[in-house]
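I opened this entry to keep track of what I looked up, one item at a time. The sequence and structure go in first.

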Amino acid sequence: KTYYKGFIQKEGKRTYTWREELILADGWTKEEQPEPNPLEIAKANKLIELAVYDHSTEVNSFLMGDTPKWFTPEERVNYLLTLQAAKDKGVDMIEYEGALISTEMAIKTLKDICVYAMECVAVTARHRTKINSFKNVGQVETYDFRVGYPEKVVFESNTGSNVTGGITKKN
């Protein structure tokens, strides 16, 4: 017999069918699917919710004034290298979205964003471990993974000439 892939093959003839009675009559056995485990389903759903939250602006953002922003890890590395090179060449100020910012402040801000991102990764990993450790559906359903994340980095910048801006923490 040929492995069943939507057809039955006997004596060189193929019959295409999805009808269960024909498949069973041809000698194939029905594989019983195990009942889904409610705890595993609850955990999987909660882990999906966590992943969505982890990739949202609730976690992946810093504030430039009141405007949420985010730089990917690659962008952060590229900006840090570029800013360090500019600083090494004596550039004291850069322009970003119409504001003049000291090179030192921009480097410090990017480093703060990198640390924030690293802390968020650690918090998400702890939540993932906690969710997987639960022994009943009720624990999973009531678990709030939105807690424990660090405060967002906020870059306050005044527009105008030679304003350096600063870093504050938002509650």
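Where is Asp 144 found? I traced Asp 144 to the loop between helix H5 (137–142) and E7. I am working from a predicted model.

**Asp 144**

I checked exposure next. Asp 144 counts as partly exposed, because its relative accessibility is 38% and the partly exposed class runs between 20% and 50%. I then looked for polar partners of the Asp 144 side chain, and found one of its polar atoms 3.0 Å from the backbone nitrogen of Arg 146. I also noted the C-alpha to C-alpha distance from Asp 144 to Ile 131, which is 9.8 Å for a separation of 13 residues in sequence.

**Overall layout**

I listed five helices and eight strands in the protein. Read along the sequence, I get the pattern β-β-α-α-β-β-α-β-β-α-α-β-β. Of the 171 residues, 31% are buried. I looked up how far apart contacting residues sit in sequence: among contacts with a separation of 6 or more, 58% are between residues 24 or more positions apart.

**Confidence**

I wrote down a mean pLDDT of 83 for the protein, with 77% of its residues at 70 or more. Where is confidence lowest, and where is it highest? Strand E8 (residues 166–169) has the lowest, at a mean of 36, and H5 has the highest, at 98. I marked residues 159–171, where the pLDDT is below 50. That stretch still has 43 contacts in the model beyond near neighbours in sequence.

**Largest nonpolar core**

I went to the largest nonpolar core, which has 28 residues. Which of them touch the most other members? I found Ile 101 and Tyr 149 in that position. I then sorted the core by element: helix H2 (38–54), strand E3 (62–64), helix H3 (73–88), strand E6 (99–102), helix H4 (103–133) and strand E7 (153–156) each supply at least two residues. H4 gives the most, with nine residues. As background, I note that nonpolar side chains in soluble globular proteins tend to be buried together.

I listed the contacts of Tyr 149, leaving out residues up to four places away in sequence. Tyr 149 touches Leu 50, Tyr 53, Val 59, Cys 120, Val 123, Thr 124 and His 127.

**Thr 124**

I followed Thr 124 from that list and placed it in helix H4. Is Thr 124 buried or exposed? Thr 124 is buried, because its relative accessible area is 2% and the limit for buried is under 20%. Setting aside neighbours within four places in sequence, I found Thr 124 in contact with Leu 50, Asp 54 and Tyr 149. The side chains of Thr 124 and Asp 54 also make a polar contact of 2.9 Å.

**Salt bridges**

How many salt bridges does a search of the whole structure find? I counted five, and looked at some of them in turn.

I took Lys 46 and Glu 49 to begin with. Their closest N and O atoms are 4.0 Å apart. The two are three residues apart in helix H2, so about one helical turn separates them. Lys 46 counts as buried at 7% relative accessibility, whereas Glu 49 counts as partly exposed at 37%.

I then looked at Glu 104 and Lys 87, whose side chains meet in a salt bridge at 2.6 Å, N to O. This pair links distant parts of the chain, with Glu 104 in helix H4 and Lys 87 in helix H3, 17 residues apart. Glu 104 is partly exposed at 45% relative accessibility, and Lys 87 is partly exposed at 33%.

I also looked at Lys 108 and Asp 112, which form a salt bridge at 2.9 Å, N to O. These residues are four apart in helix H4, so they too are separated by about one helical turn. Lys 108 is partly exposed, at 41% relative accessibility.

**E5 and E6**

I finished with a strand pair. Strand E5 (residues 93–96) and E6 pair in the antiparallel sense over four bridges. Which residue in E6 is the bridge partner of Met 93? I found Ser 102 there. E5 and E6 form a hairpin with two residues between them. In the turn, I noted a positive phi of about 50° for Glu 97.

Terms used. Residues numbered from 1 in each chain as written. Predicted model: local features only at pLDDT ≥ 70, side-chain atom pairs only at ≥ 80, totals over all residues. Heavy atoms only, no water. Core = buried A, V, L, I, M, F, W, Y, C linked by side-chain atoms within 4.5 Å. Buried < 20%, exposed > 50% of the residue type's maximum accessible area, 1.4 Å probe, protein only. Contact = heavy atoms within 4.5 Å. Polar contact = N/O pair within 3.5 Å; in protein donor to acceptor, adjacent residues only side chain to side chain. pLDDT = per-residue confidence, 0-100. Pairing = 2+ DSSP bridges.
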